[in-house]
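Reader: Could you walk me through this one slowly? I am still new to looking at structures.

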Amino acid sequence: IISNNLFNQDLDNSKYIIYRGSAAAIQALALNKIVIYLEFKDEINIDPLYMLKYKFYVNEAHELKKIF
């Protein structure tokens, strides 16, 4: 889904944030959103929140069902 809203509007309207190596994850965390790192197999982890203990990792879309 592609949004025509400003990023901050989408962030305000979201409970979960799926991210990958983005400062957007830090913004989401500051707003108490649930952050989910999209981890690709056989690729380097570029998670800017790698030290955070309380977050989710997913490799495939079906894994999101466990979180939602």
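Author: Gladly, and please keep in mind that this is a predicted model. A good place to begin is the surface, where Tyr50, Met51 and Tyr57 form a nonpolar patch that has about 390 Å² of accessible area together.

Reader: Okay, so where does Tyr57 lie?

Author: Tyr57 lies in strand β3.

Reader: And what is the relative accessible area of Tyr57?

Author: The value is 35%, and because buried means under 20% and exposed means over 50%, Tyr57 counts as partly exposed.

Reader: Which residues does Tyr57 touch, leaving out those up to four places away in sequence?

Author: With those left out, Tyr57 touches Tyr37, Glu39, Asn45, Asp47 and Tyr50. Tyr50 also belongs to the surface patch we began with.

Reader: How far apart are the C-alpha atoms of Tyr57 and Ile67?

Author: They are separated by 9.7 Å, while along the chain the two residues are 10 residues apart.

Reader: Switching topic, what order do the strands of the sheet have?

Author: The sheet is an open one of three strands, in the order β1-β2-β3, and the pairing is parallel. Since β1 (16–19) and β3 (56–58) each have a single partner strand, they stand at the edges, and one side of each is left without a neighbour in the sheet. From one strand to the next, the twist averages 30°.

Reader: How many bridges are there between β1 and β2?

Author: There are four bridges, over which β1 pairs in the parallel sense with β2, the strand of residues 34–38. As an example of residues facing each other, Ile17 stands opposite Val35 in β2.

Terms used
Residues are numbered from 1 along each chain as its sequence is written. This is a predicted model: local features need pLDDT of at least 70, side-chain atom pairs count only at pLDDT 80 or more; totals for chains, interfaces and linings use all residues. Side-chain values use heavy atoms; hydrogens and water are left out. Two strands pair if DSSP finds at least two bridges between them. Helices (H or I, at least four residues) and strands (E, at least two) are DSSP runs, numbered from the N terminus. Axes are lines fitted to C-alpha atoms, for helices over the stretch in contact, and angles run from 0 to 180 degrees between N-to-C directions. Patches are made of residues with over 30% relative accessible area and no salt bridge: like charges are joined within 9 Å, nonpolar side chains (Val, Leu, Ile, Met, Phe, Trp, Tyr) within 5 Å. Accessible areas come from the Shrake-Rupley method with a 1.4 Å probe; for residues, only the protein chains shown count as cover. A salt bridge is a side-chain nitrogen of Lys or Arg within 4 Å of a carboxyl oxygen of Asp or Glu. Buried means under 20% relative accessible area, exposed over 50%, partly exposed in between (1.4 Å probe, protein chains only). Contact means heavy atoms within 4.5 Å.
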